Amino acid sequence: MVTTRLRPPTPDSFTSRLRSPAVAARVGLWLGVSFGICFLTGLVSHYAQLPTHPIPFPTSPSWGYRLTQGLHVTTGVAAIPLLLVKLWSVLPRLFEAPPLGDPRRLLLTVLERGSIAVLVAASVFQLATGVLNAAQWYPWTSFSFRTTHYALAWVAIGALLVHVAVKLPVVRDVLAHDIDDTSHDRPAATVAGPLSRRALVRTTFAAAGVAVLATAGGTVPWLRRVSVFATRTGEGPGGVPINKSARAAGVEESATSADWRLEVVVDGAVATALSLDDLRRMPQHTVDLPIACVEGWSAQGTWSGVRLADVLRGAGAAAGSDVAVTSLQQAGAFRRTTLPAGFADDERTLLALDLAGEPLALDHGFPCRLIAPNRPGVLQTKWLSRLEVGA
Ligand SMILES: Nc1nc2c(c(=O)[nH]1)N[C@H]1C(S)=C(S)[C@@H](COP(=O)(O)O)O[C@H]1N2
Ligand SMILES: [Mo]
């Protein structure tokens, strides 16, 4: 009688020559580069969003954050096809039997595989949550995206460094040889694939390129037409997309009320309360500054309004202090932000009243919003109601 048993695969079940260290190292190299850039630009973004900065975050160049956050999202997107092909190419190793007879090798194997398990889990989590964030889908309520994404970035990069250190000898040797060299192949990898290794690697890089083009239009204007995945494009009043609408923020009434005033609180007491007409009577300035969203899209706007520094000096607040900026919005994480002194004193930092020569649209923050150079979009507070300086 013939019985068939379901057995887990062994490394020998995988016979394709495409699943090789030669492919894994080439794709892995660019995956490592993407992760490195993504990690560093992520640190910049995290630092930029801290309420206080031990080392002041620079206000120039005004497009700095636009560039670093564009790179962050772009390299993260490029990493997705690279990671998938990388995992596919090394899959047989998952089914290798542990060297049970040799305690020393067993320990090393457990450590090495443990670090890879951590690396894969953290990478998948980072890319998945990053994509969901860029798509503005926040299914989680129980944890903060930024805190978790930041913490796991260190886990991922740490595990990556261990992985690279362990694999460096093989990687160097494999990269020094032709891609079709078989000296590092598994013995069972004897079957030529449906395409050559070179073609697989090129297709993978092309897929990463397409993924980048499909999202980068959120940042690069001339790419917009090919960017089918870009979550935000050029639409929106004044050429700037709208992130949260006035309706969603629940400020339709308060923002359009004739009673609206911008309160300036200095050392705990209301120093002045300015109406929109008061603000319009002050000297007006115009700046070209981007809104650069953490989600990866960005757009340049021509903003006009009063200098924040003028308003603060007018209210008797000294230069060199951080400013707490509060929105009319009653709930939500972005209703209140801290503007570091360097930004508050920069002459490009405006309380914008106009965008592209027109009064601010309600959804862009009418009657008055903050716009500062080199600042994450999430901190460019809309529908301002109060500025506070000092105690
Ligand atoms: N009060 C308030 N201000 C806010 C937000 C918000 O939700 N509430 N969103 C921020 C985010 S995440 C971005 S990217 C910018 C977008 O500005 P826009 O909608 O005018 O493009 O506004 C910022 N200011
Ligand atoms: Mo944003």
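Colleague: By class, how many nonpolar, polar and charged residues are there in the lining of the largest cavity?

Modeller: Bearing in mind that this is a predicted model, the lining of the largest cavity is made up of two nonpolar, three polar and three charged residues.

Colleague: And which residues line the largest cavity?

Modeller: The lining of the largest cavity consists of Ala22, Val174, His177, Asp178, Asp181, Ser183, His184 and Asp185, and the volume that they enclose is about 40 Å³.

Colleague: How many cavities of 30 Å³ or more does the structure hold?

Modeller: There are two cavities of 30 Å³ or more in the structure, and the second largest cavity has about 30 Å³ of space. Two elements, helix H2 (64-90) and strand S3 (285-292), each give two or more residues to the lining of that second largest cavity.

Colleague: Which residues line the second largest cavity, and what are they by class?

Modeller: The second largest cavity is lined by Ser62, Tyr65, Arg66, Pro290, Ala292, Ala372, Pro373, Asn374, Arg375 and Gln380, and by class this lining has five nonpolar, three polar and two charged residues.

Colleague: Where does the second largest cavity lie with respect to domain 1 and domain 2?

Modeller: The second largest cavity lies between the two domains, because domain 1 (11-223) and domain 2 (246-389) both give residues to its lining.

Colleague: Let's turn to the ligand. Which residues are closest to ligand 1?

Modeller: Ligand 1 is surrounded by 19 residues, and the closest of them are Pro241, Gln329, His364, Arg369 and Lys382. Sorted by class, the shell around ligand 1 has nine nonpolar, seven polar and three charged residues.

Colleague: What lies 2.5 Å from an oxygen atom of ligand 1?

Modeller: That is a backbone N or O atom of Pro241, whereas Gln329 uses its side chain, with a polar atom 2.6 Å from a nitrogen atom of ligand 1. In addition, a polar backbone atom of Gln380 is 3.0 Å from a nitrogen atom of the ligand, and Gln380 is also one of the residues that line the second largest cavity.

Colleague: How much of the accessible area of ligand 1 does the protein cover?

Modeller: On its own, ligand 1 has 530 Å² of accessible area, and the protein covers 99% of this.

Colleague: Now for the pockets: how much space lies in the second largest pocket?

Modeller: The second largest pocket has about 1,200 Å³ of space, and 40 residues line it, of which Lys86, Val90, Ile116, His163 and Lys167 are the closest to its centre. The elements that give two or more residues to this lining are helix H1 (21-48), H2, helix H3 (103-134) and helix H4 (145-176).

Colleague: Which element gives the most to that lining?

Modeller: H1 gives the most, with nine residues, and by class the whole lining of the second largest pocket has 23 nonpolar, eight polar and nine charged residues.

Colleague: One last topic, the backbone. Which peptide bonds are listed as cis?

Modeller: One cis peptide bond runs from Ser60 to Pro61, with omega near -5°, and Pro61 is in the loop between H1 and H2. Another runs from Phe366 to Pro367, with omega near 5°, and Pro367 is in the loop between strand S8 (358-359) and strand S9 (369-371).

Colleague: And what is phi of Asp267 near?

Modeller: Phi of Asp267 is near 50°, which is a positive value in a residue other than glycine, and Asp267 lies in the loop that runs between strand S1 (262-266) and strand S2 (269-274).

Note on methods
Residues are numbered from 1 along each chain as its sequence is written. Chains are lettered from A and ligands numbered from 1 in the order in which they are written. This is a predicted model: local features need pLDDT of at least 70, side-chain atom pairs count only at pLDDT 80 or more; totals for chains, interfaces and linings use all residues. Side-chain values use heavy atoms; hydrogens and water are left out. On a 1 Å grid over the protein atoms alone, a cavity is a set of points where a 1.4 Å probe fits but cannot get out, and a pocket is an open set with protein on both sides within 12 Å along at least five of seven lines; lining residues have an atom within 4 Å of a point. Grid points are joined across faces, edges and corners, and a volume is the space filled by probe spheres set on the points. Ala, Val, Leu, Ile, Met, Phe, Trp, Tyr, Cys and Pro count as nonpolar, Asp, Glu, Lys and Arg as charged, and the others, Gly among them, as polar. Helices (H or I, at least four residues) and strands (E, at least two) are DSSP runs, numbered from the N terminus. Domain bounds come from an automatic or database domain assignment. A residue is near a molecule or strand if one of its heavy atoms lies within 4 Å of it. A polar contact is a pair of N or O atoms within 3.5 Å; within protein, one must be able to donate a hydrogen and the other to accept it, and residues adjacent in sequence count only if both atoms are side-chain atoms. Accessible areas come from the Shrake-Rupley method with a 1.4 Å probe; for residues, only the protein chains shown count as cover.
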